[in-house]
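Thank you all for coming; I would like to walk through one structure this morning, beginning with a term and then moving to charged pairs and the interior.

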Amino acid sequence: MKTIKNEMIKLFILSGIGLFILLYISYKSVTYFIVDQEYQKARLLAHTLVYTRDYLAKVAPYVKLKNNHFHPFAITPAYVVGQITTMIKEGEHFEIKQTSDRYRDVLNKPNKYDLEAIEFFKKHPNKQDYFAFRTINKKDYLFYAYPLKIEKSCLKCHGNVKEIPKDIYKKLIKLYGYRAFGYKLGELRGVISIRFPFDEVKEKIDCLFKKLAIFLLFIYIVGVIVFLRINSLVLRDVEKVNKFMKDNLSRHIFRPMKDKLLFSEFELIKNQINETVKSIKSFKRESYNNMYYNYLTNYPNRTKLKEVLKRKTSAIIVIDIDSFKEINYFYGEKLADDLILQVAKRLEKFNPFHTKIDQFVILSSISSKEEIYKFAKNLLELLEEPYIIDGIKIFVKFRVGISFCKREFKEAITALEAAKFLNKDIVFCSEVEHLKEQAKKHLEWIKKLKDAIKNDRVIPHFQPIVNKELKVCKYEVLMRIKDEKGKIISPSVFLEISKKSRLYFDLIKIMLNKVFDIFETNNKEFSINLTTLDMQNKEIREFILNKLSTFPDPSRINFEIVESEDIKSSNETFEFVKKLQSFGCKILIDDFGSGYANFDYLLLLNANGIKIDGSLIRNILNDRNSQIIVKTIIAFAKEVNMQVIAEYVETKEIFEYLKSLGIDCFQGHFYSSSKENL
């Protein structure tokens with residue numbers, strides 16, 4: 001983790017290194033600048049001498065010397081410039097001369113550095129300057145040379161011997177011998193060389209560098225002082241911010257920061273912190289409300305109720321809106337919410353808790369069970385008054401579960417569930433002990449059913465159906481299970497439990513598989529019971545249709561369907577019945593006469609037969625009403641050519657009487673009870 005202090009140390013080290021690098025670069029720059037300046041001075045001097053030569057070259061032809069004391073070539077370019085260089089270098093710190101590799105005057109004899117320069121210009125005829133750093137007699141010098149080339153005016157005296165005037169030729173021969181002739185235009189004549197000692201240049205460099213270094217060090221020291229001051233002020237602001245965070249936010253004390261900070265950037269951070277504190281406060285309030293209050297009614301919720309119950313003991317009254325899901329579905333969410341708000345308004349004076357969307361809880365200090373029952377009854381009367389919402393009058397029923405003795409919320413919920421199960425308005429938790437025993441048995445039976453499925457102990461039983469001659473015409477297939485001891489158990493014991501535990505459809509598929517396998521290899525006719533629940537399940541419907549598609553003779557199969565309004569109201573179920581008939585299967589209406597006894601229903605389904613409910617058969621010998629109903633059913637069935645089967649034929653007398661009425665087939669203990677094997 002980085003710290004400002006450590007970063008400061010790094011910065012000082014890096015800035016120190018940077019300063020040394022800068023001083024080094026500065027020294028090099030100063031050296032380059034001073035040396036270049038010296039070279040520029042040498043170049044300027046050389047150019048001045050060249051311009052003098054050019055001037056004399058143009059003037060000399062028109063001037064004649066009458067004074068014999070002057071040198072014969074006193075106004076010629078080469079002589080004059082040579083004299084000028086002699087005059088310049090006297091008393092100066094540098095040396096200058098005009099020289100050539102074909103020198104005429106021994107005083108201007110070139111040294112090896114002059115010759116190097118001459119060779120350089122010969123190899124590079126387009127170059128105008130030659131720079132070099134030289135050490136002569138252990139002393140350093142800066143060396144500069146400028147090329148001197150033959151121009152047209154030079155050829156008058158130094159060109160072809162035949163073209164030079166005789167008087168000039170004689171004088172040149174006398175003074176310089178034959179080395180002064182034979183030059184060509186543009187040829188290198190020689191150089192102007194200048195050299196100056198490096199010690200004096202170095203003094204200039206050191207002097208300028210010292211001034212620059214002192215200036216840079218001053219700037220650096222001032223920068224460090226200013227930086228340390230700014231850093232101190234920054235750390236002061238940082239300390240204030242850290243102290244605020246430690247004293248406030250870390251302790252969950254959400255209050256704004258009021259300290260005045262020095263820098264606007266930290267003021268911006270402070271403002272952001274204050275905005276964050278404001279957001280945290282808002283979020284905290286919102287979170288608290290979401291955690292402890294219902295969003296719709298703003299009443300305390302289940303979490304708040306549990307906290308309250310830790311501190312106080314009260315009778316707990318749980319109020320539940322009956323069939324609220326249906327209200328929400330049929331009337332829509334908005335109307336359902338409005339209903340909840342109106343219910344909440346009626347409960348307002350009781351300080352309720354809103355624990356679920358359709359559930360409220362009231363804590364009561366009433367100490368008498370009779371009084372609290374009376375209170376709950378009056379409460380139901382208040383709540384069940386009609387509600388007017390958007391011009392619609394809605395009647396709502398409520399149920400109440402009360403935890404009075406144990407005074408625990410879960411006990412009140414258990415009482416409420418018991419009220420729904422027992423179809424009662426008000427139930428105390430003390431009334432549901434037997435329900436707990438039922439729940440225990442329910443769990444035991446689930447385990448038994450799972451074991452039966454796992455160990456293949458779900459078996460079909462076959463109850464014969466006989467005709468008037470007491471000959472078996474078909475079998476009704478009934479489901480049974482064997483327990484671990486081999487005892488046969490009727491579905492009346494476990495079927496409802498299987499529906500609640502989602503094992504029901506597993507049992508149905510096992511039964512169907514076994515029944516189709518058994519009857520595939522014989523020619524007997526058989527009956528299978530189908531409930532509305534079976535036919536409403538897509539998986540079961542597809543399972544049956546797949547079985548029928550491979551069964552050799554589906555006309556031997558009867559499906560017994562209990563008369564129900566669900567079939568008529570469900571196109572899906574009705575269409576399934578039609579598909580069964582399309583395979584050639586027969587449709588029998590089971591338990592006819594016990595419920596709707598709707599003859600139109602028989603025609604609508606185009607049923608093949610009717611099984612008269614056992615409640616009409618048991619007492620038919622003594623019950624005049626049963627006789628009338630059965631005769632009516634038989635008459636209708638004969639009229640529309642439907643087979644009539646009587647269930648629960650227990651005695652020979654009942655058999656004979658039913659046979660006299662025209663019943664086609666009989667089923668019951670008079671002939672045989674159900675058996676495991678055909």
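Let me fix one term before anything else: a residue is called buried under 20% relative accessible area, exposed over 50%, and partly exposed in between, using a 1.4 Å probe and protein chains only. Please keep in mind that this is a predicted model, in which local features need pLDDT of at least 70 and side-chain atom pairs count only at pLDDT 80 or more, while totals for chains, interfaces and linings use all residues. Residues are numbered from 1 along each chain as its sequence is written, and side-chain values use heavy atoms, with hydrogens and water left out.

By that scale, Asp 129 is partly exposed, because its relative accessible area is 22%, whereas Arg 43, at 17%, counts as buried. Their side chains meet in a salt bridge, 3.3 Å from N to O, the term meaning a side-chain nitrogen of Lys or Arg within 4 Å of a carboxyl oxygen of Asp or Glu. Arg 43 lies in helix α1 and Asp 129 in the loop between α3 and β2, so the pair ties together parts that are 86 residues apart in sequence; helices (H or I, at least four residues) and strands (E, at least two) are DSSP runs numbered from the N terminus.

A second pair joins Glu 525 and Lys 586, at 3.7 Å from N to O. Lys 586 is partly exposed, at 27% relative accessibility, and is among the residues that Ile 557 touches, contact meaning heavy atoms within 4.5 Å.

Methods. Lists of a residue's contacts leave out its neighbours within four places in sequence.
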